[in-house]
Each structure stands twice: as C-alpha cells, then as structure tokens.
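Here is a walk through one structure, written for someone who likes cut-offs next to claims. Have a look at the sequence and the coordinates, then read on.

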Amino acid sequence: MAANYDYEEAPGTYDDVNRQDLGYDPNFVPDSVKSFVVHLYRHIREKNVYEIHQMYEISFQTLSNRLFKDTPWPSVDAVAHYVDNDQVFCLLYREMWFRHLYARLSPTLKQRIDSWDNYCSLFQVVLHRVVNMQLPNQWLWDMVDEFVYQFQSFCQYRAKMKNKTEQEIALLRQFDQAWNVYGVLNYLQAFVEKSNIIQILEQEKDGGEQFTATDGYDYSGGSNVLKVLGYFSMVGLLRVHCLLGDYQTGLKCLLPIDISQQGVYTSVIGSHIATIYHYGFANLMMRRYVEAIREFNKILLYIYKIKQFHEKSPQYEQILKKNEQMYALLAICLSLCPQAKLVEETVNSQLREKYGEKMSRMQRYDDEAFAIYDELFSYACPKFITPSAPSFEEPLVNYNQDAYRLQLKLFLYEVKQQQLLSGVRTFLKVYSTISLGKLANYMEVDEPTLRSILFTYKHKTHAVDSDGKIISNADLDFYIDDDMIHVVESKPVKRYGDYFLRQIVKFEGMITDMDRIKLE
Amino acid sequence: MGRETPKQQQQISYTVEQLVAVNPYNPDILPDLENFVNEQVSSQTYSLEANLCLLRLYQFEPDRMSTQIVARILVKALMAMPAPDFSLCLFLIPERVQMEEQFKDLIILSHYLETGRFRQFWDEAAKSRHIVEAVPGFEQAIQTYAIHVLSLTYQKIPRPVLAEAINIEGLSLDKFLEHQAANSGWILEKGHGRGQLIVLPRNEFNHPELKKSAGDTVPLEHITRIFPILG
C-alpha cells in the first residue's frame, strides 16, 4: 500500500541495514512466515486469486502487526528455499518487503536503490516474459502506486543535499540511474504500450474485447498481470505528471479511462480515490473548476457512504487523508467558482462544517484570504518534485521545496487575478441593469478600470474545455449594450428527463421485487 | 536557409508529433522538438503537446535548456489565448528562469491579457518589440483574443473601446471594420451622438436567451438503460 504521504525521511547511513533496529536478524524465519510464503506460493501457482487476495490483504497485515511492527520481514534469501527459489515469487516477495519497510521504517539510500533494482527486475519479467499468473487487482494497483510513491519519496530525499554524508553522496553519484525520471516514466509507458490496454478499452466499447466486465481478470487461462498493470499505469502516469506540474499531459494519459463510468479503476478503492484526486487537481490547475467540482462532489459522496466498510483495512488512514484533502480542494474550487448547485447536500453540509468559515473569508480576497488559499492549497496539493539530478557542487543546498513553491506561487497568482471579481459579483446580484458610469462610481474605480474588471470576469468565467470549446461557468452573467450593463441570472434547470428515467428504473425495481414475494 | 515547401513541412511536423505520441520520455528527441518550435514560429502553426514535451525534457535536464526557445514557446502560448496554455507552460519552467528579464516581461503581458487590460498590454508590447516581432502572427492572434473577450461581453460596443482593445485606429480601423462587416457579420451603427457603435455577432454568451438549455436534453445512452423495461 502507498504509505503515509507526509512520511518524514530520517537520515540514515547507507550500510545501516542490520543496525536499523536492534534484534533484527534477516535470516530468522518464524514458522508463521514460512507457512505464509509456502501457501502464498502455492496459491499463485494454482492461480487461486481469492486466496491470494486474502493472504495479501489480511494475512500479510496481521503478521506485520504481530511480528514485524518495526522491523523488516525476513530477507528474501532466507525464505527462497521454501518456494523452490522461484525467481518471480522472490521478486514479488521483495516488492512486499520493501513496501513494508517504507511504511514502517525509514529506508536507507542503499535500500532505496535496491528497491529500484527490484522493480526493474520485476517489471522486466512482466514486460518481456510470458507470466502465467493471476494476481488480485489490489496487489497490482499497490505495485504501481508504491512505485510512483517511492519515486516521489526518492526525489524528495535526493533534493535535500545539505546534510548528506560522504558515503551517501558517493552512492548517489555511483547509482545515478536509480529512480531517474526517464526510467520511471518509460516503465509506466511500456506497461501501457505492451499491454495494448488502450486498444482493449477501445474495442471493449463495441463488444470486441472483455476487460472491464471481468474486472480485468482473464478467464480464458491467461494472465491478467500485464493488462492490469498497463491499465493502472495510466493512473500512474497521471500521478507522475501532476508531480511534475504537467497537468495537460497527465489528463491526456488518463483519457482512455472513462471516469463517468465504473471501471477497473473503481475495483480498488485506493485506485478510485487516487484517480479522481489527481484528475480533480489537474482540472483545478487548468482552471476547469466546474469539472473539478463535479468529480470531487461525486467521490466525496461515495467515500461518505462506504468508508465505514473500510475501517479495518490498511488503506483506511489514506482514505481519510485524501478525503480531507479533497474537501480542501473543493473549498478552493467553490471559492473561485461559486456553483453551489453542483454540490450534493451531504457533501455540502460536510464542506460547510469543515471549511464554511474559511470559504467566506476566502471570498473577501484580502490578505487574510490569500493566506487561507495558501494554507488549503499547501495542505491538499500533491508532493511536487524536482526530477533533475542534483548538483554536487558546493555549497550543497536543499531544494526539495522548489517545485512546490513554484506551483503555489502560480496558483496564488491566478487567485490574485480574480481578486476583483468578488466585488463585481456582489453588485451584479443586486441590479438588473446599471450603467457603466454608475457601477464605476459605486465600485470607486474609473470606467476603463471597470471595463477591465468586466472583461476579466467574462474571461475567467468562460473556461476552455478539453475540446477547445468555451464553457460558461458563471452563475451570474451579463452583457453590455453600449454603456448599459444587463444582468442575467441563470435559472436552475429542472431536469425532467433525468427525473423520469430514474423513476422508471426505480418502479421497475419495485415491481420486480413485489413479483418475487410469495404470499404464504 | 529558405523556407521548406509545404509538403516537406508537413512531413517534418508529422514525424515530430509521432515522436511525442510514441516516445515522449526520451532525451534524444530534444533537438527535434527545438527545431519544431522554430518551425511553429516561422510557419505560424502551433502544438501545445510538443512544446510541453520539450519543457518537460528541459525540466529533466536543466543544462540543456535554451531560454530563447522557452521564450518563443511562451509567446506562442500567449497567442493561444483564451486557452490557459501560457500558465501550463509556466508550471514547467523553474522559478529562477522566470525571474529573467525577458520572462518577466512576458508574464506582465500575459497578466494584462488575463485581466482585460488591453491598452496597457499594447503599450507594454510596443516596448518589447524584440520579443513579439520575432514571432509572426502575434498581433493578429492577440487581436483575435481581444475580439473573443469583447464578443463575450458586448452586444453593442462603442468604437473607442474596440479600437483600444485591438490597437487599431483611424483609417486602418475603418478598413478593419469594413472587412469584419463583410465577412464576420459585424454591423456598424450610428451611436447616439458619440460616434460609431459596432454590433457584434450574436452568441450564447452576449445573448443569454440563446443559451441552449442543456437540462432538457437527455443523452441517448441514458435512454438505452430503460430499453429492457420498455421492451
């Protein structure tokens, strides 16, 4: 599972593996672990996906909590002979081993590099060999998610050059290919291409292929691994591009997945949330506020309904964290683009509870407002990275905050440009017609300035969507005739068609239920 | 170096766009992408995707960044307004680069356009001739953007407001208006006392009654859901 994103990296020396935690013997294999790997190995060979999932999701967590609370699992060398030294199983075991390490402990530089090597080996196997396995979607998602997370973590770690020891610097110089951005992106891209997933999803639309219907699993004796990794890699690419600040390309990578429907991405809660979180964030940065609001609203409602069922799951904390972050992003979007009718009642009341006061302060556009935008953005944004290799020239500096500061600065810049819109909105709400001269007077600006403000209002409330069309997201609009402003308020549209459709389906359901009742 | 024939031009850009689609995370295509930027400038074409790809590569290898190319990308992005391309590019350019004089100037120009300050924009653009004259089509592109904003805002616009927004005056403006009246449906009226009024074409943004009521339409896919019930 992708661990806590706020993970504080503690400095460690590179050969510290055994001293990491007192009393850790990598070669000691408790019986329960022996039993675990033997059974897991057997289930994988027998393609027993349900059992694999139980062991992966539940047994692994239970053993980790009981025996490996703050030590790593036994080394792969110690368990290899229990599983016929199977290469693929060992790579999978190591992947889990490192994931556990990142979650519970602080990885050393050497461990980070070794984890990269393991991913390379594992991915090479999947990409270039015929892999006859079926793994649960949860596991395949976790692999991609963790891969991107460790990349992000490495970039953050590497960017803090100031206190690096000589050994660390030497290792960084020596293994300069580890976690390099080209490698990460190219692996994700390779999965997408080799799995042919884009064509599969296309062909699925007219029944030519079966993928979503089987949740990605292969029921004709083949393997789901490459296909599903290819699928999740699209979400992985969206994530990486967001971390780099390239929102346009990120969204483009996600395009083959239709997020207005259920799909394999919704089969795993972590994937569903990660997809929508990044999709929404990218749209926010591209000023497509309405789109972001719509998607945040949907997912927040979904989380509200289902989170009780995930209380025991290892992803629970992450779900809650992302939930809070998306409320913050929703608060930002709604402050920049008031469209209250797009938000569901439940979500709205949660939003008011968490950010009601802050939102009213944000709409005042004074210094305090900017501080709140800053605060919410900083809390909710992804952990942006600087992908380039560090400079080893003296003096060594920490530049891990650079990427974040740039995105924040540009975001606040956009907010600042919208500063005067709130004022004009207040007046437009009150008048149905008003001359430019009069309004300029009330707003205490000259007419040319007022015209600029009105142009800004029009420009900022008419976004360019992904097809290049202009979409108005203004709740309050106007037009000018010579020197008279005419205000137009958009009426909420009654969606009769939708209403009837919903009722038809509902009643049909009721009739079916009633037919089933047998009177005793 | 003469201009390539149109057929050759098409071949080169096809190849670059293919590169970006198939193999974008590859430092070897950097020179091709740089050439493609110059290509876009000279042939008045534009590809956001290719330019973002290049800016990403510059991000991965800052030593190879050419600020001249980056400046050209930004000017092209400015010309793409109202699309947010300019800020999409800025997201990928390191802060210390953005602090350089030519980039500060471009950011100011963008700021004026984003906030409808057309007079200030044209004044400032006149000072940065070296940047903007290097890219053919710049003036027309900004005028197109200005007209776009005016068309969102005005049903009838006084001549001086229009003139200031598109930076055309006097006889040139008369000619321009004639051309627009003949080809784009503009209507020239006499305003009360103060001079000309230009009636802009009707659209759903300056004529709200034209707004298509999306709420009344139901997409076919939704109806198909009830086919089993009806059938």
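## The aromatic cluster

Tyr247(A), Tyr277(A), Phe281(A), Tyr365(A), Tyr373(A), Phe377(A), Phe384(A), Phe411(A) and Phe91(B) make up one aromatic cluster. Rings of Phe, Tyr and Trp (its six-membered ring) pair here if their centres lie within 6.5 Å; planes under 30 degrees apart are called stacked, over 60 edge-to-face, and the rest tilted. One cluster member also has a charge for company: Lys322(A) lies over the face of Tyr277(A), 4.4 Å from the ring centre. For that label, NZ of Lys or CZ of Arg has to be within 6 Å of the ring centre and within 35 degrees of the ring normal. Lys458(A) does the like with Phe478(A), its charged end sitting over the ring at 4.9 Å from the centre.

## Ground rules

This is a predicted model, so local features need pLDDT of at least 70 and side-chain atom pairs count only at pLDDT 80 or more, while totals for chains, interfaces and linings use all residues. Residues are numbered from 1 along each chain as its sequence is written, chains are lettered from A and ligands numbered from 1 in the order in which they are written, and side-chain values use heavy atoms, with hydrogens and water left out.

## Rings around Trp73(A)

Over all chains, the structure holds 41 aromatic pairs. Take Phe60(A) and Trp73(A): the ring centres are 4.5 Å apart and the planes at 20 degrees, so this pair is stacked. Phe60(A) is in helix H2 (residues 49–67) of chain A, and Trp73(A) is 13 residues away in the loop between H2 and helix H3 (76–79). Helices (H or I, at least four residues) and strands (E, at least two) are DSSP runs, numbered from the N terminus.

Trp73(A) also pairs with Phe68(A), this time tilted, at 4.8 Å centre to centre and 35 degrees between the planes. Are these three rings buried or exposed? Phe60(A) is buried at a relative accessible area of 8%, Trp73(A) is buried at 0%, and Phe68(A) is buried at 6%. Buried means under 20% relative accessible area, exposed over 50%, and partly exposed in between (1.4 Å probe, protein chains only).

## Helix H14 and its surroundings

How does helix H14 (residues 316–336) of chain A compare with its expected span? Its 21 residues at 1.5 Å a residue should span 30 Å, and the end C-alpha atoms are 31 Å apart, which agrees. That expected span is 1.5 Å times one less than the number of residues. Of those 21 residues, 18 are buried, so H14(A) is largely enclosed by the rest of the structure.

Ile332(A) lies in this helix and counts as buried at 0% relative accessibility. Neighbours within four places in sequence aside, Ile332(A) is in contact (heavy atoms within 4.5 Å) with Leu284(A), Met362(A), Tyr373(A), Leu376(A), Phe377(A) and Phe411(A). Several of those names should ring a bell: Tyr373(A), Phe377(A) and Phe411(A) belong to the aromatic cluster. By C-alpha atoms, Ile332(A) is 25 Å from Tyr149(A), with their places 183 residues apart in sequence.

Gln418(A) is in the loop between helix H17 (402–417) and helix H18 (421–430) of chain A, and at 2% relative accessibility it is buried. With the same sequence neighbours set aside, its contacts are Tyr289(A), Leu336(A), Tyr365(A) and Lys460(A).

## Backbone oddities

Most residues other than glycine have a negative phi, and most peptide bonds are trans. Asp482(A), not a glycine, has a positive phi of about 65 degrees. Asp482(A) is in the loop between strand S4 (476–481) and strand S5 (484–489) of chain A, and is buried at 6%.

Gln44(B) has a positive phi too, about 55 degrees. It is found in the loop between helix H2 (30–43) and helix H3 (48–60) of chain B, and is partly exposed at 49%. A cis peptide bond, with omega about 15 degrees, joins Met81(B) and Pro82(B); Pro82(B) is in the loop between helix H4 (67–79) and helix H5 (85–90) of chain B.

## The chains overall

Chain A has 21 helices and 5 strands, and its C-alpha atoms fill a box of roughly 85 × 85 × 40 Å along the principal axes. Of its 520 residues, 57% are buried.

Chain B is divided into domain 1 (14–135) and domain 2 (154–209), with bounds from an automatic or database domain assignment. The centres of the two domains, taken over C-alpha atoms, are 32 Å apart.
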